[in-house]
Amino acid sequence: MTLDELENKCKNCTACELCRERTNLVFGIGKKDADIMLIGEGPGEKEDLQGEPFVGRSGQLLDKFLASIDLSRDKNVYIANMVKCRPPKNRDPKPEEQDMCINWLRKQFKIINPKIVVCVGRISAQRLIDKDFKVTKQHGEFIDKNGTLFMGTYHPAAILRNPNNKELAFGDWLKVRDKIQELGIEI
Ligand code: URA
């Protein structure tokens with residue numbers, strides 16, 4: 001199945017109650033066979049309205065980090081979220097909502113087949129790297145999972161709330177750049 005076919009199927013998903021209030025399902029965006037995949041938490045208000053991940057204030061900051069290391073959703077990365085529909089009032093997606101949604105993400109991951117996955121924020125890092133993942137302690141560390149390198153970093157929304165973390169987050173993105181070079185990934 002192609003990524004477009006998967007997206008078309010996913011758009012009709014009614015597996016959990018988040019589907020009821022969505023304006024748009026937010027499947028993902030970017031290069032369909034990107035070597036670098038980013039996984040956030042879930043759509044916010046702007047994302048729900050536009051049907052694209054990370055288009056609000058957090059997304060602008062994320063795009064700046066990406067641009068600083070020559071990455072962009074238009075060129076060489078793919079961006080998705082743990083859940084495809086907006087949780088009410090931007091609350092954290094519940095574990096059971098993530099359970100219902102994760103097969104879409106697994107299928108996306110298999111088709112895209114990235115070499116590096118960056119978990120953007122605690123929610124995806126706890127689900128995909130370590131259930132007790134602490135961003136403050138483990139950010140910037142690469143973990144090999146079946147041949148794919150996973151790394152967790154600060155969520156841009158957390159940086160907007162506490163700008164002191166910006167330098168640390170920037171350091172994580174520099175590590176991504178170094179890893180891309182180390183692995184000889186052409187971007
Ligand atoms: N925050 C996320 O985690 N994902 C988005 O798509 C937007 C904001």
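Glu96 is placed in helix H4 of this predicted model. With a relative accessible area of 47%, Glu96 is partly exposed. Its C-alpha atom is separated by 8.4 Å from that of Cys16, although the two residues are 80 residues apart along the chain. This pair offers a way into the structure, since one partner leads to helix H4 and the other to a group of cysteines.

Helix H4 covers residues 95-112. At 1.5 Å a residue, the 18 residues of H4 should span 26 Å, and the end C-alpha atoms are 24 Å apart, which agrees. The helix nevertheless has a kink of about 40 degrees, centred on Cys101. Cys101 is also one of the buried residues of H4, a set that consists of Glu97, Gln98, Cys101, Ile102, Trp104, Leu105, Gln108 and Ile112. Against what do these residues pack? The partners of the buried residues are helix H1 (3-10), strand E2 (36-40), strand E3 (77-81) and helix H5 (122-128).

Beyond the end of H4 comes Asn113, whose phi is positive, near 55 degrees. Asn113 is not a glycine, and its place is in the loop that joins helix H4 to strand E4 (116-120). Asn113 counts as exposed, at 53% relative accessibility. A positive phi also occurs at Phe54, near 50 degrees, and Phe54 is likewise a residue other than glycine. Phe54 lies in the loop between helix H2 (45-50) and helix H3 (57-68). Is Phe54 buried or exposed? Its relative accessible area is 6%, so Phe54 is buried, while Asn113 counts as exposed.

The other partner of the opening pair, Cys16, belongs to the loop between H1 and strand E1 (29-30). Cys16 is partly exposed, with a relative accessible area of 22%. When residues up to four places away in sequence are not counted, Cys16 touches Glu97 and Met100. Of these two contacts, Glu97 is among the buried residues of H4.

The cysteines raise the matter of covalent links. A disulfide is a covalent bond between the sulfur atoms of two cysteines. How many disulfides does the model contain? The count comes to zero disulfides. Cys19 is in no disulfide, and the nearest cysteine sulfur, that of Cys16, is 6.5 Å away; the criterion requires a pair of sulfur atoms within 2.5 Å. Cys19 is buried, with a relative accessible area of 17%. For Cys119, the closest cysteine sulfur is that of Cys101, at 15 Å, which is too far for a bond. Cys119 is buried as well, with a relative accessible area of 0%.

Cysteines reappear in the description of the internal space. The model has one cavity of 30 Å³ or more. About 100 Å³ of space lies in the largest cavity. Its lining is formed by 15 residues, of which Cys13, Cys16, Arg22, Cys85 and Cys101 lie nearest the centre. Cys16 from the opening pair is therefore found here, together with Cys101, on which the kink of H4 is centred. Which element gives the most to this lining? Helix H4 does, with three residues.

Open space can be considered next. The largest pocket holds about 740 Å³ of space. Of the 31 residues that line the largest pocket, Glu41, Ser58, His155, Ala157 and Arg161 are the closest to its centre. The elements that give two or more residues to this lining are H2, H3, H5, helix H6 (135-138) and helix H7 (156-161). H7 gives the most, with four residues.

Helix H6, one of the elements of the pocket lining, contains Gln138. Gln138 counts as buried, at 18% relative accessibility. Leaving aside neighbours within four places in sequence, Gln138 is in contact with Asp130, Asp132, Phe133 and Gly152.

Terms used: Residues are numbered from 1 along each chain as its sequence is written. This is a predicted model: local features need pLDDT of at least 70, side-chain atom pairs count only at pLDDT 80 or more; totals for chains, interfaces and linings use all residues. Side-chain values use heavy atoms; hydrogens and water are left out. Buried means under 20% relative accessible area, exposed over 50%, partly exposed in between (1.4 Å probe, protein chains only). The expected span of a helix is 1.5 Å times one less than its number of residues. The bend at a residue is the angle between axes fitted to the seven residues ending there and the seven starting there. Contact means heavy atoms within 4.5 Å. On a 1 Å grid over the protein atoms alone, a cavity is a set of points where a 1.4 Å probe fits but cannot get out, and a pocket is an open set with protein on both sides within 12 Å along at least five of seven lines; lining residues have an atom within 4 Å of a point. Grid points are joined across faces, edges and corners, and a volume is the space filled by probe spheres set on the points.
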